[in-house]
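Colleague: I should be grateful for a close look at a single part of this model, the open sheet together with whatever packs on it. Please state the criteria behind each term as you proceed.

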Amino acid sequence: MALAIGVDIGGTKVAAGVVDERGVIVATSRRDTPSQDPAKIEEIIGDVVRELQAAHEVEAVGVGAAGFVDAARSTVVFAPNLAWRDEPLRTAVEARCGLPVVVENDANAAAWAEARFGAGRGEGYLVILTLGTGLGGGLVVDGQLYRGRLGIAGEFGHLTVEPGGRRCGCGGRGCWERYASGRALVREAQELASISPAIAGRLLELAGGRPEAITGLAVTQAAQDGDEAALEAFRVVGTWLGHGMASLAAVLDPGVFVLGGGVSAAGELVREPAARTLHERITARAYREVPGVRLAELGPEAGIVGAADLARRR
């Protein structure tokens with residue numbers, strides 16, 4: 001069975017795995033990411049690939065990078081959390097490992113994994129939304145990953161949902177990820193705990209009594225324990241998520257939305273309000289089938305699996 005290596009590069013770690021044709025990871029390796037040193041990152045990628053090569057016969061390497069990747073799947077044009085600007089990553093990694101390399105946006109790689117082996121398998125038209133610190137995702141059209149003319153399609157988090165709204169790290173205002181993301185969830189919970197501490201008892205207990213110390217994990221735990229402020233934070237974020245999904249459905253007409261990323265680990269806490277709002281807000285609801293809303297299945301390994309499969313299909 002043909003094997004490929006997938007490498008998932010984030011702001012804090014480089015995670016790699018050997019992946020077979022069924023999307024199964026058969027071996028892994030991991031390193032910390034020196035995010036301000038491009039040459040060191042390339043060296044670490046080479047190290048983990050060679051480590052995995054030593055024990056497995058692989059045919060290609062796929063690299064998932066958090067940033068804009070050009071249409072040739074070669075150069076990282078811009079990475080907001082890494083020191084990459086027009087970085088010729090494919091050439092650099094090929095020189096270090098001696099294998100064909102494909103570079104892809106990390107959210108696209110995760111989306112492709114869910115489309116091929118996870119919650120979206122069997123669906124030809126789907127949107128994958130990754131809810132982490134921000135909001136990213138990917139788009140599959142007629143069974144193919146859609147990348148756009150420049151290779152940077154799928155930046156869903158920077159759709160404007162509230163003109164003149166909250167400032168975003170992209171330089172704009174009112175971007176979707178400022179209202180539907182892990183960061184948005186924490187902000188809602190912190191505000192509720194500050195304004196209405198009486199309904200945030202469990203939430204404040206987990207945060208040591210300090211609203212500013214509330215984390216995403218604490219919001220999920222408190223909501224699962226029935227804390228009203230935490231539940232409301234999920235309702236608010238889920239509703240914003242559903243509003244944006246309804247807009248995407250009007251443009252893209254997908255069969256399924258798949259929710260991934262760290263926030264999706266909360267399960268129905270985020271999926272239910274998102275699906276309900278999508279159903280309420282979608283255009284011409286009485287005359288169409290409303291897209292399904294599913295939770296991602298592959299978890300944090302999706303980027304590795306997707307990058308490897310895309311490399312195999314180079």
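Modeller: Two strands are taken to pair if DSSP finds at least two bridges between them. Helices (H or I, at least four residues) and strands (E, at least two) are DSSP runs, numbered from the N terminus. The model is a predicted one, in which local features need pLDDT of at least 70 and side-chain atom pairs count only at pLDDT 80 or more, while totals for chains, interfaces and linings use all residues. Residues are numbered from 1 along each chain as its sequence is written, and side-chain values use heavy atoms, with hydrogens and water left out.

The open sheet consists of 5 strands in the order 11-10-9-12-13, with mixed pairing. Its edges are strand 11 (144-145) and strand 13 (292-295); each has a single partner strand, so one side of each remains without a neighbour in the sheet. At one of these edges, strand 10 (residues 135-141) and strand 11 run antiparallel and are joined by 2 bridges. There, valine 141 stands opposite glutamine 144 of strand 11.

Helix 3 (residues 106-117) packs on the sheet and touches strand 9 (126-131), strand 10, strand 11 and strand 12 (256-260); contact here means heavy atoms within 4.5 Å. The direction of helix 3 makes about 50° with that of strand 10. Such angles run from 0 to 180 degrees between N-to-C directions, the axes being lines fitted to C-alpha atoms, for helices over the stretch in contact. Helix 8 (residues 268-281) also packs on the sheet, where strand 9, strand 12 and strand 13 are touched. With the direction of strand 13, that of helix 8 makes about 170°.

Two loops that lead into strands of this sheet deserve mention for their backbone. Most residues other than glycine have a negative phi. Aspartate 253, although not a glycine, has a positive phi of about 55°, and this residue is placed in the loop between helix 7 (228-252) and strand 12. Alanine 284, likewise not a glycine, has a positive phi of about 55°; its place is in the loop between helix 8 and strand 13.

In summary, the sheet runs 11-10-9-12-13, with helix 3 packing on strands that include strand 10 and strand 11, and helix 8 packing on strands that include strand 12 and strand 13.
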